[in-house]
Amino acid sequence: MSLITISEWLLLLSFFLYVAATIVYVLAITGRRWANREPKEHEQRYGRAGFYLVVVGFLAQLGYVIARWIAGGHSPTSNMFEFMTFLSFCIILAFLIIYRIYRLTVLGVFVIPTGIIMLAYASVFPSKVTPLIPALKSYWLHIHVTTAALGEGILAVGFAAGLMYLVRTVPQERPSKSTAWLEIVLVVVLMLVGFILMVSTFANLDQKTVFQVPQFDSSGNVEKTLEVEYLLPAVVAPYQSTIITPGPMTPWFEAPAWMEGQDAARKLNTMLWSIISGLVLYGLFRLVLRKRLGAVLKPLLDDIEPDLLDEISYRAIAIGYPVFTLGALIFAMIWAAEAWGRFWGWDPKEVWALIVWLFYSAYLHLRLSRGWMGTRSAWMSVIGFVIILITLVVVNLVIAGLHSYAGV
Amino acid sequence: MADQRKCECGHTNPVGTVLCEFCGKPVEENGDRAFPSMRYEGMARRSQTHNKTLVDHVWNFFSSVKIAIILIVITLIAAAVGTIFPQQRYIPVPVSGESGVAAFYKDTYGMLGEIYYLLGFHKLYSSWWFVTLLVMIGMSLVICSLDRIVPLYKALSKPRVNPHLSFLKGQRLRGECEPGSDFAADETLAQAAAILKKKGYRIYREGSTLLGEKARFSRWGPYVNHIGLILFLLGVLLRGLPGMYLDEFIWVREGQTVAVPETPYYLKNVEYKTEYYREDEFPEQLDLENRLIPKNFQTDAVLYVNENADLPGAEPKLREVKSGSITVNNPFVYEDLYLYQASNQEMQLAALNFTLIDKQAGNKELGRVKLDLYEPEQEQVVAEGITVRVISYFPDFYMDESGQPATRTSQPNNPMFAVEVRSAQDGAAEKMIYVSGRIIPESEGGRYTLQIEMPDFTDITGLMVRKDKMLPLIYFGSFVVMVGLVMGFYWQHRRIWLHLEQGRLYLAGHTNKNWFGLKREAEFLVEQLALPMSLVLDSKSKNSAAENKTKEEEKPT
């Protein structure tokens, strides 16, 4: 068995261990009210089991990192699959650190799924080990990307704790603006889940739709035609395209003319499916549970002091911010100076790293100098992580730039 | 108003003081529970007290954290706007001239692109207003730091060892108890001192009060990191000065030596090569559909210095100073000159090769003719008594409007030669033209012709030429930023007071971060001393209500 195969198995193992850990963590909280039990002892026992599962999962994933590093000859941070996997690894590592400080069982219910979603999201991308192109052949690849990912992982724990604070404190007795926003955040998470489910389902189904897409020059004449392949069923067809290989359904409508890029319509189609599947998932939850999702989650956190959640969220951000600064900005600048001859070039990825940094700087100033704590601070920690995801995902996949090779 | 500044402990405080510098009692009475904020230790700041001259107004404007946050948020949004469409320098297709740029945005992105271009967002990061924003952030950094660092230094260098009771009762973490008649105060305080000392606290004693203090330096973290940012921005600013930053680009053919612009140096490209991964070098079988993955882009180069650089009009006198290879991620460094492997043009035409044929001697091959496309030899001897002379040469040939041959560029994209073959024996001269891969003789039935052979190819390397004299300052600034961040975020300034007054024992605690950690330490202390005391940690929401109140008071009037 080759090292690469071993690393794949280890990664799969860690995925299932994280899922198991999440279930155990949920049972640790919900099972406290079961009959014949001492609630505190129950939570402790299950919490410990959950923690051990996470530790074993983490070790398995560490094994994956090492095996793939040796097999590929470089740190597994050179494309989207490797990076997202590594990010989930860092989120789990950050969880282990923060958990050591605060020993709060329910943290696992929220942070581990965040890591799982990132791991599942990674599986959407091609996972082959590719040799490094010259631009990536530098020891800074290991230093810059790993440090940046670790910073982002710790900030993700800040997000999870902030979200927990909101779930804990937003009153669920009657609908309000806050409940609506909280539901929107949860729906967006479900859309990401929906996207992962759709893509991984259809990747194995061979239900491709292939279009022939004309490309127009500036005077509106057909310059050439391209072939575009949809993995997911086509809801939206590229502008003025014809179907070569029909898929499971006929498209409902055509993309507008200005969506010219070769993949623009395909990306729109994928986005529509993410939204649809997220809403369907949400609708199903609502039908079955007959409550807002926020109201479903709230009892998990009822015994937790909101101030503690606020503290954890802030602490995670206070720990993650310097790491992010070092990895995503300073190391990035040094590498850029070495590789591209300038330490800063306003490349979209650089700009978005700066935006993340400015956002968390604003968070810290508002908190430390203007007394923004609790709810407002929690919302900011959630928005901050959304900006991180934009930086990691949207910038690589939608906005091209010097970092676009990471999206291959 | 002079009496208002005099605290009951006898200390006279400057105007604007919130908590007495000496005993920590709130300077203004404001009810029982609303203890003022502990920020900046309740010291007077310049921005709160001076409000007359223009300098005061500018100072007060930039000293406000609120303004700083607004500046940060505006910069953040502006930076994001700049990534909606590519900046001009990242336009993925070649465009020429300002009209070409305008057309690119309009054609590619429609009306939105046009608006984007008209608003100047295609060069957003170098626009006057964006640079102004950065300068304003820099000013805010300087003034905010100065406004706070001086009073904070004064306050922290003289710790309030024996504070007023209202100061202790106003802290977020506090507790009190009646220890009873058999309580040995001195012994307990000494015991507490020992416990705190073990936990890394510095101990101050004054009468029946004890203060334990830890990691005061972490309070300087924010200022250290702001100083680092100021140094960083200073470096960026100074980079704009002439001579501080050099940004040039050179193309060098293999074997060619070119002057490095703005420097006394010359660079020779000995060899350029691109290497690709072999199939057996892949860690895993890949389906590449015959695509190749590049492994290395490399130029082997020699750097010379022109020793006559200071003599105007003198011939360059080159002396080798360094040789080595340039690859991506490994620039060629000589003193402050950096050369980066940035681009390449491989298999470019370098010279045309021909065989000169004597048709009258039964197509006899007379010899080889080489026409270099960059530095063609004016005349070359091909065989005994026979020379080939170049009459005219157009590297990038086309016919201009008036029907005359001309060249578009100096690159040999479409070379055209007019040559003359001369024979010394009979003094005859025959002209012919080479164009588009064909030989056209001046007149039919001539004696000589050129037979086209395989041309010579060469690789051209594209190198970035950089000097960045401010880089050390920029890196140093970044380093200082990191030191400040680590100081400020990975340590917390903790203080615990124990105070005995009229038979009651008071405990108070303050920290700038991680209240749960402080509480845990205070609880440990209470437990070890076996005191009948329960600690209170005010909820932040309550505390922030008090902060809101001080905020309103803080506004300069």
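Here are some worked exercises on a predicted model with contacts between chain A and chain B.

**Exercise 1. The open sheet**

Task: Work out in which order the four strands of the open sheet in chain B stand, and which strands are at its edges.

Solution:
- Step 1. Begin with the order, which is 5-6-7-8 in chain B, with antiparallel pairing.
- Step 2. Now look for strands with a single partner: strand 5 (257–259) and strand 8 (318–327) of chain B each have just one, so one side of each is left without a neighbour in the sheet.
- Step 3. Add the geometry: from one strand to the next, the twist averages 25 degrees.
- Step 4. Zoom in on one pair. Strand 5 of chain B joins strand 6 (residues 265–276) of chain B over three bridges, in the antiparallel sense. If you would like to find one of these positions, take T257(B), whose bridge partner in strand 6 of chain B is K268(B).

As background, strands of a sheet pair through backbone hydrogen bonds, either parallel or antiparallel.

**Exercise 2. A hairpin**

Task: Describe how strand 2 and strand 3 of chain B pair, and find what lies in the turn.

Solution:
- Step 1. Strand 2 (residues 202–206) and strand 3 (residues 209–214) of chain B are antiparallel and share five bridges.
- Step 2. For a sample position, pick R205(B): its bridge partner in strand 3 of chain B is L210(B).
- Step 3. Two residues separate the strands of this hairpin, and in the turn G207(B) has a positive phi of about 55 degrees.

**Exercise 3. The surroundings of a tryptophan**

Task: Decide whether W497(B) is buried or exposed, and list what it touches.

Solution:
- Step 1. Locate the residue: W497(B) sits in strand 21 (residues 494–501) of chain B.
- Step 2. Check its accessibility. The relative accessible area of W497(B) is 0%, so it is buried, the cut-off being under 20%.
- Step 3. Collect its contacts, not counting residues up to four places away in sequence. W497(B) touches R160(B), V161(B), P163(B), F167(B), L168(B), L210(B), L211(B), Y506(B), L507(B), A508(B), G509(B) and H510(B). One of these, L210(B), already appeared in the hairpin as the bridge partner of R205(B).
- Step 4. Look for a polar partner: a polar atom of the W497(B) side chain lies 3.0 Å from the backbone oxygen of R160(B).
- Step 5. For a sense of scale, W497(B) and R253(B) are 75 Å apart in space, C-alpha to C-alpha, and 244 residues apart in sequence.

**Exercise 4. Three salt bridges in chain B**

Task: For each of three salt bridges, give the N to O distance and say how accessible the two residues are.

Solution:
- Step 1. In the E178(B) and R504(B) pair, the closest N and O atoms are 2.7 Å apart. This pair links distant parts of the chain, 326 residues apart: E178(B) is in the loop between strand 1 (173–177) and helix 8 (185–198), while R504(B) is in strand 22 (residues 504–511) of chain B. E178(B) is exposed at 52%, whereas R504(B) is partly exposed at 25%.
- Step 2. In the K295(B) and E281(B) pair, the closest N and O atoms are 2.6 Å apart. Here K295(B) belongs to strand 7 of chain B and E281(B) to the loop between strand 6 and strand 7, 14 residues apart. K295(B) is partly exposed at 22%, and E281(B) is partly exposed at 26%.
- Step 3. R422(B) and E420(B) meet at 3.1 Å, N to O. R422(B) is partly exposed at 39%, but E420(B) is buried at 8%.
- Step 4. For context, the structure holds 28 salt bridges over all chains. In chain A, R32(A), E43(A) and D303(A) are linked in a network.

**Exercise 5. Where the chains meet**

Task: Characterise the interface of chain B and chain A by its area and its polar contacts.

Solution:
- Step 1. Count the residues: 62 come from chain B and 66 from chain A.
- Step 2. Take the area buried between the chains, about 5600 Å², with 65% given by carbon and sulfur atoms.
- Step 3. Sort the polar terms. There are zero salt bridges between chain B and chain A, while 15 residue pairs are in polar contact.
- Step 4. Assign the chain B side to its elements. Several supply at least two residues each, including helix 9, strand 7 (294–306) and helix 10 (471–490). The largest share, nine residues, comes from helix 4 of chain B.

How values were computed: Residues are numbered from 1 along each chain as its sequence is written. Chains are lettered from A and ligands numbered from 1 in the order in which they are written. This is a predicted model: local features need pLDDT of at least 70, side-chain atom pairs count only at pLDDT 80 or more; totals for chains, interfaces and linings use all residues. Side-chain values use heavy atoms; hydrogens and water are left out. Two strands pair if DSSP finds at least two bridges between them. Axes are lines fitted to C-alpha atoms, for helices over the stretch in contact, and angles run from 0 to 180 degrees between N-to-C directions. Contact means heavy atoms within 4.5 Å. Buried area is the accessible area (1.4 Å probe) that two parts lose on being put together, summed over both. A salt bridge is a side-chain nitrogen of Lys or Arg within 4 Å of a carboxyl oxygen of Asp or Glu. A polar contact is a pair of N or O atoms within 3.5 Å; within protein, one must be able to donate a hydrogen and the other to accept it, and residues adjacent in sequence count only if both atoms are side-chain atoms. Buried means under 20% relative accessible area, exposed over 50%, partly exposed in between (1.4 Å probe, protein chains only).
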